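I opened the model to take notes on its strands, its ligand and its metal site. My entries follow in the order I looked things up.

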Amino acid sequence: MNKEELEKIKKKALEEHIPIIMDDTLEVMEKYLKEIKPKRILEIGTAVGYSAMCFTLFLEEGGKIDTIERESDRVKQAKENIKKVGVEDKINIYEGDALEILPKLEEKYDAIFIDAAKGKYPFFLEQALRLIKQTGIIFADNILYKGYVMSDYNKHKQRTAVRNLREYIKEATENPRLITEILEVGDGLAISKIK
Ligand code: SAH
Ligand code: MG
């Protein structure tokens with residue numbers, strides 16, 4: 001992989017306020033992913049491909065990432081970026097709404113990274129539970145959403161997102177199939193291991 005290109009893409013994404021994964025979040029995920037040595041990773045929310053390209057470093061030999069993005073401009077940029085960095089053989093992009101694509105997927109994954117519309121997190125978790133392997137891990141980024149989720153905050157236009165993120169946390173912590181931790185890294189990261 002061309003790491004210099006990856007750095008340039010990261011810098012540009014930050015300048016353009018594209019919400020790419022934060023360094024400390026990536027560091028935590030790296031620890032977990034290196035332990036499970038994933039062959040198959042599913043990502044919901046590609047943006048310009050930054051996190052997916054970072055995850056290629058943690059794949060087992062011959063492993064592959066599927067990532068879903070609904071904005072066609074972003075898919076186009078992601079494809080260009082992935083080519084520049086030289087990881088096209090490791091990333092497959094599904095263009096379209098994850099709400100429609102997820103129910104059609106059948107293959108099981110070692111790790112799933114949820115990083116798209118916050119109002120849809122409970123649905124993403126339901127699908128992730130169907131698609132995760134018995135030894136897998138489900139990650140959800142932005143789970144604390146600028147601290148709103150753990151405060152008594154509820155009168156803003158972000159209200160639906162906050163309600164759904166709280167619902168995700170409730171389901172992830174109460175579901176008997178999961179062991180979940182909520183970490184205050186980055187914008188909040190939920191990590192759920194399958195029991
Ligand atoms: N994972 C990326 C950042 C993703 S930002 C990284 O860390 O580099 C969130 C992305 O999810 C946006 O590009 C947005 O267009 C996409 N998105 C939001 N809701 C979606 C949905 N329902 N289906 C597909 N993509 C979605
Ligand atoms: Mg995010």
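**Entry 1: strand β1.** I started with β1, which is mostly covered, with five of its five residues buried. This is a predicted model, and I read every entry below with that in mind. Next I asked which way the side chains of β1 point. Arg40, Leu42 and Ile44 point one way, while Ile41 and Glu43 point the other way. All of these are buried. I noted the general pattern too: in a regular strand the side chains alternate between the two faces of the sheet.

**Entry 2: partners of β1.** I looked up what pairs with strand β1 (residues 40–44). Five bridges join β1 to β2, and the two run parallel. Ile41 has Ile65 as its bridge partner in β2. Further along, Ile44 stands opposite Ile68 in β2. I then checked the pairing of β1 with β4. Four bridges join β1 to β4, and these strands also run parallel. There, Ile41 stands opposite Ala111 in β4. I wrote down that Ile41 has Ile65 as a partner in β2 and faces Ala111 in β4.

**Entry 3: strand β2.** How many of the six residues of strand β2 (residues 64–69) are buried? I found five, so β2 is largely enclosed by the rest of the structure. I followed the pairing onward to strand β3 (residues 91–95). Five bridges join β2 to β3, again in parallel. The bridge partner of Ile65 in β3 is Ile91.

**Entry 4: crossovers.** I traced the connections between these strands. β1, helix α3 (residues 50–55) and β2 make a right-handed β-α-β unit. β2, helix α4 (residues 72–85) and β3 make a right-handed β-α-β unit as well.

**Entry 5: ligand 1.** How many residues surround ligand 1? I found 19, and the closest are Ile21, Gly45, Glu69, Arg74 and Asp115. I then went through individual polar contacts. An oxygen atom of ligand 1 lies 2.6 Å from an N or O atom in the side chain of Glu69. A nitrogen atom of ligand 1 is 2.9 Å from an N or O atom in the side chain of Asp97. The backbone also takes part: an N or O atom of the Ala117 backbone lies 3.2 Å from a nitrogen atom of ligand 1. I looked up the cover as well. Taken alone, ligand 1 exposes 590 Å², and the protein buries 94% of that.

**Entry 6: the magnesium ion.** Which residues coordinate the magnesium ion (ligand 2)? I listed Asp115 (OD), Asp141 (OD) and Asn142 (OD1), at 2.1 to 2.2 Å. Asp115 is also among the closest residues to ligand 1. In sequence, the magnesium donors are spaced D-x25-D-N. The two aspartates link distant parts of the chain, 26 residues apart. Asp115 sits in the loop between β4 (109–114) and α6 (121–131), and Asp141 in strand β5 (residues 132–141). Asn142 lies in the loop between β5 and α7 (159–174).

I checked whether these donors are buried or exposed, taking under 20% relative accessible area as buried. Asp115 has 15% relative accessibility, so it counts as buried. Asp141 counts as buried because its value is 4%. Asn142 is at 16%, so it counts as buried too. I also looked at a pair across the chain: the C-alpha atoms of Asn142 and Glu184 are separated by 9.6 Å, with their positions 42 residues apart along the chain.

**Entry 7: backbone angles.** I looked for unusual phi values. Most residues other than glycine have a negative phi. Ala47 has a positive phi of about 50 degrees, although it is not a glycine. Ala47 lies in the loop between β1 and α3. At a relative accessible area of 13%, Ala47 is buried.

Tyr145 also has a positive phi, of about 35 degrees, and is not a glycine either. Where does Tyr145 lie? I placed Tyr145 in the loop between β5 and α7. Its relative accessibility is 10%, so Tyr145 counts as buried.

Methods: Residues are numbered from 1 along each chain as its sequence is written. Chains are lettered from A and ligands numbered from 1 in the order in which they are written. This is a predicted model: local features need pLDDT of at least 70, side-chain atom pairs count only at pLDDT 80 or more; totals for chains, interfaces and linings use all residues. Side-chain values use heavy atoms; hydrogens and water are left out. Donors are N, O and S atoms within 2.8 Å of the metal (3.2 Å for Na, K and Ca); water is not among the atoms, so sites may look incomplete. Buried means under 20% relative accessible area, exposed over 50%, partly exposed in between (1.4 Å probe, protein chains only). Two strands pair if DSSP finds at least two bridges between them. A crossover is right-handed if, with the strands pointing away from the viewer, the path from the first strand over the helix to the second runs clockwise. A residue is near a molecule or strand if one of its heavy atoms lies within 4 Å of it. A polar contact is a pair of N or O atoms within 3.5 Å; within protein, one must be able to donate a hydrogen and the other to accept it, and residues adjacent in sequence count only if both atoms are side-chain atoms. Accessible areas come from the Shrake-Rupley method with a 1.4 Å probe; for residues, only the protein chains shown count as cover.
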